[in-house]
Amino acid sequence: MKVKLQHLAHTRSGDKGNTSNISVIAYEPEFYPYLKDQLTAERFQAYYAGTVTGPVLRYEVDGLAALNFVAHGALGGGVSRSLCLDNYGKSLSAAILGFEVEIPDTLRPRLRGQALLA
Amino acid sequence: MNLKQPLRIGAGSAWWGDRVEPAILSAEQGDLDYLCFETMAEATISAAQVRARRDPSFPGYDTYLDDRMRGVLPGCLRRGTKIISNQGWINPDGAAERIVHWLRHFGARGVKVASVNGSLITDRVLELTDTILENGRPTSTLTPSLVSAEVYLGAEPIVAALKQGAQIVVTGRVADPSIFMAPMMVEFGWDALDHAKLGAGNGLGHLMECGAQVTGGYFSDPGFKDVPDPWNFGFPIAEVQPDGSAVLTKVSGTGGAVNLQTVKEQLLYEVHDPANYITPDVVVDFTTTRLEQVGPDRVHVSGIGGKPRTPTLKVSIGCTEGFIGEDMFFYAGPGALRRAQLAKRILEERFRIVKLDAEEVRIDFLGLNAIHGAMSPKDQPEPYEIAVRVAARTKTREEAIKVGREVDGMAVSGVGHTGKRVPHQDRTREIIGVWSSLVPRERVQPSLKFFES
């Protein structure tokens, strides 16, 4: 089955200059391999196309079942120069929650936000 | 200190505008050995410099210093809690004197307050640095627009102040995690070159430095991540052991949560390579971190690693870079988007007619694409309400003012059913861009000054 990332992981964005880091943290260790396999730096960059203008690096923290994406050119030139209402990109981490991940149906009962599952 | 008990360190603020009540609560009920305040963002020092130039009465330290100290000093004095704070901004001595004023106000005499100076290197930044990290150009290219340059100091000057008897230490720019680690170095006798211990300590400092962001703030997502009473967060408290492991918790009865999710989110917050988080004191390795929920709102943190510190310190260089003009107006009801689109077209033509000289112009539809920008889905249902948000970045204030003036024109010369705010607020602001560079560690010598109440 295909589900939105929000059922598998939670995310947070942080800012440094013109770079945003967006962490993607699996709710359960058993979800992590599907994130690691499918949410590549390339797909992440394609998902944020037009908004993230520079390269995206992905760091893996297996011990915490988490991925950390470092997106360059994500903050309109930097927090103070940005013309975006959300200068710090604090809301950027919400966008990736809509990324679709293919998982085995057997995981369905373990997913978060059951009431919001399609 | 009796080392059979863990060292209790509390966070008192995570930024300049943070709430004050949770800090008071921690001071009153947190049984703290140390209460630590972080009150700066990247551009805080530069903004303070600009303000000081224009407003001679601006004292140059945290504008909420009075609120914070008036609130926490009674509890801290009663418990014997020491305070470490970067509220000094561009005037740590002035902040220390003001704290002495509040100490006397509360009848506390003979309390030693230390100020840490030495982070401001504006007058010699061009001789100490070579290259701008963000673009590889020489730092000398920033000469015409330079406002302020400050080095991120580490924990060592704070440690020195505490060892010389200071009960309150107030600093200028210091790396955020160092503020929280300094007490561990003093109380546990950690050496400044013991990178294993300092890695653990700085990692804990990183978890604490954003305050409520580890106790349930910047976290709630209804239906997925819910926390109790999200209107009443407690600030974090670390119960630290001499080996650098700790339990993170908060004052009981407060809202929010300390759990594996809140801690993991904060662990990676503003981190790039999790194996190499560079601070003035040590390079932290978060990849070996072990987390365990050991009770309600209690997470045990261990295993954070450290590598030897780098030979350089980071310098933050603030520069004036022009102005931003911005404003917004509104549409609602059937056809709101069509009217917003016509308004956008009108503004684009108007900016041509008045020859707006801008480096970048953005006209967004708030409700559709103003936050996530170009990546926003193209096939969204039309919203019932929409705001047209206009912003331009310009070299001069005169150009930036044109944005608001043209939005004014939309009131009687615009589209039907245009909702507009009364233009009483200032719709321009000055940009202080922040660049980074590196300075050899040995070229920066922090200095201490002591005051007594």
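Tutor: Let's begin with a term: helix axes at angles under 35 degrees count as roughly parallel, over 145 as roughly antiparallel, 65 to 115 as roughly perpendicular and the rest as oblique. This is a predicted model, where local features need pLDDT of at least 70, side-chain atom pairs count only at pLDDT 80 or more, and totals for chains, interfaces and linings use all residues. Residues are numbered from 1 along each chain as its sequence is written, while chains are lettered from A and ligands numbered from 1 in the order in which they are written.

Student: At what angle do helix α1 and helix α3 of chain B pack?

Tutor: Two packed helices are described by the angle between their axes and the distance between the axes. Here α1 (residues 21-29) and α3 (residues 65-79) of chain B pack at about 10°, with axes 7 Å apart. α1(B) and α3(B) are therefore roughly parallel. Axes are lines fitted to C-alpha atoms over the stretch in contact, and angles run from 0 to 180 degrees between N-to-C directions. Helices are DSSP runs (H or I, at least four residues), as strands are (E, at least two), numbered from the N terminus.

Student: Which residues of α1(B) and α3(B) make the contact?

Tutor: Residues are in contact if their C-beta atoms, placed from the backbone, lie within 7 Å. α1(B) brings A23(B), I24(B), A27(B) and E28(B), and α3(B) brings R68(B), G71(B), V72(B), G75(B) and C76(B).

Student: How many residues does each chain give to the contact between chains A and B?

Tutor: Chain A gives 35 residues and chain B gives 39. On the side of chain A, β2(A) supplies the largest share, five residues.

Student: What is A182(B) in contact with, leaving aside neighbours within four places in sequence?

Tutor: Its partners are I84(B), A155(B), I158(B), V159(B) and L162(B).

Conventions
Contact = placed C-beta atoms within 7 Å.
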